[in-house]
Amino acid sequence: MGSIKVWTKQNENVLRELESKGRYTAKREYIIKDLDEHANLVLEVYDWLVRNSPRALQKPADAHYPIWVSMEREATMLPSQGTVIIELTLDPDIITTVNIEKWGTILNYSYIPSDEQDRIRHRKYLEQYGTSDAQAYMSQFYPHIKRSIIESWSRLFDESIILGSSKCYGNIWEVRKEWISEIIR
């Protein structure tokens, strides 16, 4: 298959690193700096993503987290102060597609149902305990519910399970200077 174009919004420092080193990988300290006090909550989910990615074995040793790319230029946020949009031309085989709605569900520490019946069953289960997904996930009192929530996240990579929209972003493990086709400021 040929190459495709994708877009990623990055801090200007990423561009400097690409120019000086020829490649960029997302490091844990960059995420912590970017997310500030929310870092620990979000990194727990990102750590799950790294361990469970279908392309986990392709991860370079110096890449701590994936780099998000948009499959459509219009879906990329506009550049803001201190950021650039980098258009990349690359082999689609290195991209892990991630359904936007299912990823949002995971970021909310919620259960991804396999179908409507499973969604109803899970909802009733939560009602029996008088809790929500997020409360059960954050609390030490519902380890069985938390376990079922985390187990449901494997459905992130099951393209036959759709929550609302089938729109996707992509993950790549690195950006190489030679993949850059345009820089949008």
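This report looks at two buried residues and one cavity in a predicted model.

Residues are numbered from 1 along each chain as its sequence is written. Local features need pLDDT of at least 70, side-chain atom pairs count only at pLDDT 80 or more, and totals for chains, interfaces and linings use all residues, while side-chain values use heavy atoms, without hydrogens or water.

**Two residues**

Lys 102 sits in helix H4 (residues 100-107), and Val 45 lies in helix H3. Helices here are DSSP runs of H or I with at least four residues, and strands are E runs of at least two, numbered from the N terminus. Lys 102 is buried but has no salt bridge. Buried means under 20% relative accessible area (1.4 Å probe, protein chains only). A salt bridge needs a side-chain nitrogen of Lys or Arg within 4 Å of a carboxyl oxygen of Asp or Glu. Val 45 is buried too, with a relative accessible area of 0%.

Some distances follow.

| Pair | Distance |
|---|---|
| Lys 102 to Asp 158, nearest side chain of opposite charge | 5.8 Å |
| Lys 102 side-chain polar atom to Asp 158 backbone oxygen | 2.8 Å |
| Val 45 to Leu 90, C-alpha atoms | 27 Å |

Contact means heavy atoms within 4.5 Å. Leaving aside neighbours within four places in sequence, Val 45 is in contact with Trp 103, Ile 106, Leu 107, Tyr 109 and Trp 153. By that rule the contacts of Lys 102 include Ile 112, Arg 155 and Leu 163.

How values were computed:
Buried < 20%, exposed > 50% of the residue type's maximum accessible area, 1.4 Å probe, protein only. Lys, Arg positive; Asp, Glu negative; His and termini not counted. Polar contact = N/O pair within 3.5 Å; in protein donor to acceptor, adjacent residues only side chain to side chain. 1 Å grid on protein atoms, 1.4 Å probe; cavity = no way out; pocket = protein on both sides within 12 Å on 5 of 7 lines; lining within 4 Å. Points joined across faces, edges and corners; volume = space filled by probe spheres on them.
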